[in-house]
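This report is for a reader who is meeting the structure for the first time. It goes through the chains, the contact between them and a few helices and residues.

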Amino acid sequence: MSKANHPLHKPNNTKLKMQYALIGLIMFVLYYIALTMTDLTYRGSSLSPGTVFKRLFWDPFFNPDIQAKVPTYIGYMVETLAIAYAGTLIAAILAVPFGFLAARNTSRVHHVGKGILNGIRAFPEIMFAIIFVASVGMGPYAGVLAIGINSIGMLGKLYAEVIESIDMKVLEALKAGGANRLQTIWYGVIPQVIPEFSSYAIYRFEIDVRSSTILGIVGAGGIGAPLIIASMQRNWEAVGMMLIVIIVVVTIIDIFSAQIRKRIV
Amino acid sequence: MAKVPESKKTIATIPIVPIRAKIVMSNILFVVLAFYFLSAYVTQAYPNRFIQGLPIALEFVYKDLFPPNWGYTNKVLSSLVETWNIALLATTLAAIFALPLSFLASSNINKNAVLYQFIRFFLNIIRTIPELILAVVLIAFIGLGALAGVGALFIFSLGILAKLISETIEAIDPNPLEAIRATGGNVIQVIWYGVMPQLLPHYTSYSLYVLEINVRASVVLGFVGAGGIGLILKHQLALFNFANVSTIVLMTFFAVTIIDFISNRVRERLV
């Protein structure tokens, strides 16, 4: 292409090219470190993958010992659900003041509120579980505390975003009509935020069901502990059955929760 | 004098909140609370015990976790690097494999309804399995070590990433795609010239988001022997060496915060 065809001169994109080169270099270094420093050796067990697969997902259906244990596993799963439900509900309530604290239009110190919520979210939930198990002892009680505190981080942030997006004209109209502060909140703010608050809480419940299946490994109750023990004993039939119970229950809850959330918002 | 109470009466007969809505709301509230008390009974975590538990936890943090053992920093750092490497490799693999899957899982590219539904179903199943359980299963197949961790996080993030990307593909501007199809472009050309330019910023942003999730998730994986920081955390917990535990917790917190911060900055500039 000659200059005559392009009367407009080419934009100077040296800076862009430098940026791409820098990004490329950073990525190269990161991948170099990742690939050289990680020990990615394959340590297959004495059993072939096919055998393990069969023992995980086929044999449990024909093993009478495992079938006899299904009610026990369902009992563990109920406990898991109870942990998630109690934790999420407490978090859904405790997150409301945090949401108002972190919203730009209701709080003067919203940076502080956002900082607290970000801090909570940066801790992986397993860390909360460890702290609570160590302080209040093993069992579902510690799990509820861990889920409850950890969920405040995400719910508070989402609540704050909802509060920031409400229609302030309604509040103004109520104030002009002579409503006091409590009435403004009750008739102006609450009806606007309740559908989204509950939708986010239900969504968080889905996440917490998954979390509370995990928390058992540090002793915070639920199906996690028997699952880990069975996997350490290489009892793959039991592991497979528990996996099936978890997948079925989680799927049912996801479907229900999606239906409810569709109707709310 | 008779007029005033009458007007008050009319106001009183028209409630601000409709009666039907009130009944529905109180029923919902009743069900929610009933489930709560059931759960509280199962878990022994009644509201008053929840409040009581918090000071105990704070006291534990103050007495046992403080002060952290800073001499342990080097060991933690090398484990954190391993955790980060696992997350990075898993995210990269997932980002590569999620792209073709998401084209198959978006209705405006994949016109084959049966294949579309099948891929969607497959992705939904993947997403129901918690990452730790994937790790347990993969350890059964490929043994203890970082490879199982990478595999577990790969499958876990494939589900999330493919869902996010396919939803974005379904929401893109259809006009360029139609124009390319009208001029005789095949599927590959539609994707390359029509979808990719619109998708690329979102794709990069989602990949970074999944990287953040994976960093958090890979902390847990070590507990079942899939490499990373979880492994040393488990050992120190078993030894009740809380000074070391608190070093691990604090350093993980800082690492996660820094990674989130950088990733958020990049994502803000992208989309």
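Chain B of this predicted model has 11 helices and zero strands. Read along the sequence, the pattern of chain B is α-α-α-α-α-α-α-α-α-α-α.

The overall dimensions of chain B come next. The radius of gyration of chain B is 26 Å, whereas a compact globule of 271 residues would have one near 18 Å. Along the principal axes, the C-alpha atoms of chain B fill a box of roughly 85 × 70 × 35 Å. Of the 271 residues in chain B, 38% are buried. Among the contacts of chain B that join residues at least 6 apart in sequence, 72% are between residues at least 24 apart.

**Contact between the chains**

How many residues of chain B are in contact with chain A? There are 50 of them, and they meet 56 residues of chain A. On the side of chain B that touches chain A, at least two residues each are supplied by α2 (19–43), α3 (47–65), α4 (73–104), α6 (131–142), α7 (146–170), α9 (187–221) and α11 (242–270) of chain B. By type, the residues on this side of chain B are 36 nonpolar, 10 polar and four charged.

**Confidence in chain A**

Chain A has a mean pLDDT of 86, and 96% of its residues reach 70 or more. Within chain A, confidence is lowest in helix α2 (residues 49–57), with a mean of 80, and highest in helix α6 (residues 140–164), at 92.

**Helices of chain A**

The table sets the expected span of three helices of chain A beside the span between their end C-alpha atoms.

| Helix | Residues | Expected span | Span in the model |
|---|---|---|---|
| α6(A) | 25 residues | 36 Å | 35 Å |
| α8(A) | 35 residues | 51 Å | 42 Å |
| α10(A) | 29 residues | 42 Å | 41 Å |

For α6(A), the end C-alpha atoms are 35 Å apart, which agrees with the 36 Å expected at 1.5 Å a residue. Even so, α6(A) has a kink of about 30°, centred on A:Ile152. This helix is mostly covered, as 21 of the 25 residues of α6(A) are buried.

Helix α8 (residues 181–215) of chain A spans only 42 Å, where a straight helix of 35 residues would span 51 Å. Where does α8(A) have a kink of about 50°? The kink lies at A:Ile190, shortly before the proline A:Pro191.

Helix α10(A) reaches 41 Å from its first C-alpha to its last, close to the expected 42 Å. Its buried residues include A:Trp236, A:Glu237 and A:Gly240, and among the others are A:Met241, A:Leu243 and A:Val250. The cover over the buried residues of α10(A) includes parts of both chains: α2, α3 (64–102), α8 and α9 of chain A, together with α5 (113–128) and α6 of chain B.

**A:Arg55 and A:Lys114**

A:Arg55 is placed in helix α2 of chain A. Is A:Arg55 buried or exposed? A:Arg55 is buried, because 20 other C-beta atoms lie within 10 Å and the cut-off for a buried residue is 20 or more. Leaving out residues up to four places away in sequence, A:Arg55 touches A:Trp236, A:Glu237 and A:Gly240, and these three are among the buried residues of α10(A). A:Arg55 and A:Ile229 are 174 residues apart in sequence, while their C-alpha atoms are 16 Å apart in space.

A:Lys114 lies in helix α4 (residues 110–122) of chain A. With 19 C-beta neighbours inside 10 Å, A:Lys114 counts as partly exposed. From A:Lys114 to A:Gly75 there are 39 residues in sequence and 39 Å in space, C-alpha to C-alpha.

**Two loop residues with positive phi**

Most residues other than glycine have a negative phi. A:Arg234 is not a glycine, yet has a positive phi of about 55°. A:Arg234 is found in the loop between α9 (224–232) and α10 (236–264) of chain A. A:Arg234 is exposed, with 12 other C-beta atoms within 10 Å.

In chain B, B:Phe240 also is not a glycine and has a positive phi of about 55°. B:Phe240 sits in the loop between α10 (229–238) and α11 of chain B. With 10 C-beta neighbours inside 10 Å, B:Phe240 counts as exposed.

Methods
Residues numbered from 1 in each chain as written. Chains lettered and ligands numbered in written order. Predicted model: local features only at pLDDT ≥ 70, side-chain atom pairs only at ≥ 80, totals over all residues. Helix = DSSP H or I, 4+ residues; strand = E, 2+ residues; numbered from the N terminus. Rg over C-alpha atoms; globule rule 2.2 N^0.38 Å. Contact = placed C-beta atoms within 7 Å. Nonpolar A, V, L, I, M, F, W, Y, C, P; charged D, E, K, R; others polar. Expected span 1.5 Å × (residues − 1). Bend = angle between axes of the 7 residues up to and from the residue. pLDDT = per-residue confidence, 0-100.
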